[in-house]
Amino acid sequence: MDPRALVPHIPSLRRYARALTGDAWAADDLVQDTLERACRKWRLWSLGTDLRAWLFTIMHNQFASQMRRAPPRAMVDIDEAAHELRAADGQRDQAIDLQRCLLLLPEDQRAVLLLVALEDLSYAQVAKVLGIPAGTVMSRLSRARTRLQALMDEAPPVAGRTALRRLK
């Protein structure tokens with residue numbers, strides 16, 4: 001199989017990695033690691049199966065491995081430092097709130113929410129990517145949506161911000 005078949009999937013991988021990590025540099029590293037592993041393990045992909053799901057599986061496993069191996073990092077709670085931050089403009093401020101709230105979700109819920117809402121994968125595809133039953137996907141998605149709504153409702157009010165809408 002030709003590794004050039006990976007190229008059309010790179011934007012989706014970058015988008016998911018960026019949402020998963022919350023950091024552009026870390027996301028680029030994660031995509032690079034995913035593509036390298038896919039090229040090394042190309043013979044493990046079965047022709048006729050969903051290449052996109054296979055790549056997301058690799059990325060999810062790479063991210064989980066990196067999180068297990070990473071030493072604890074000193075984190076600054078954005079809510080504690082809020083008084084030091086300059087306010088952003090309307091839409092950008094809402095995006096920052098959403099990004100912050102997504103990063104506050106438990107990793108398992110965030111992964112399911114991003115794969116369903118951002119990458120438009122079916123529940124069956126998400127179950128395959130994450131290696132969990134479809135019922136667990138639906139349960140985590142429901143909990144993630146509920147928690148995200150609660151977090152966004154708790155976020156400081158932003159002029160012109162609209163409430164979250166249910167995507168699916």
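Of the 168 residues in this protein, 38% count as buried. Keep in mind as you look around that this is a predicted model. The protein exposes about 10,500 Å² in total, and carbon and sulfur atoms supply 55% of that area.

Now for the overall layout. You'll find seven helices and zero strands, so reading from the N terminus the elements simply go α-α-α-α-α-α-α. How much of the contact between residues 6 or more positions apart comes from residues 24 or more apart? These pairs account for 66% of such contacts.

Let's zoom in on helix H1, which covers residues 10–21. Twelve residues at 1.5 Å each should span 16 Å, because the expected span is 1.5 Å times one less than the number of residues. The C-alpha atoms at the ends of H1 are 16 Å apart, so the model agrees with the expectation.

Which residues of H1 are buried? They are Ser12, Leu13, Tyr16, Ala17, Ala19, Leu20 and Thr21. It helps to recall that an α-helix has 3.6 residues a turn, so residues three or four places apart point the same way. Just after H1 comes Gly22, which takes a positive phi of about 75°.

Finally, a look at the cysteines. The structure holds zero disulfides. Cys101 is buried, with a relative accessible area of 0%, and that counts as buried because the cut-off is under 20%. Cys39, by contrast, is partly exposed, at 41% relative accessible area; that label applies because 41% lies between the 20% limit for buried and the 50% limit for exposed.

Definitions and conventions: Residues are numbered from 1 along each chain as its sequence is written. This is a predicted model: local features need pLDDT of at least 70, side-chain atom pairs count only at pLDDT 80 or more; totals for chains, interfaces and linings use all residues. Side-chain values use heavy atoms; hydrogens and water are left out. Helices (H or I, at least four residues) and strands (E, at least two) are DSSP runs, numbered from the N terminus. Buried means under 20% relative accessible area, exposed over 50%, partly exposed in between (1.4 Å probe, protein chains only). Contact means heavy atoms within 4.5 Å. Accessible areas come from the Shrake-Rupley method with a 1.4 Å probe; for residues, only the protein chains shown count as cover. A disulfide is a pair of cysteine sulfur atoms within 2.5 Å.
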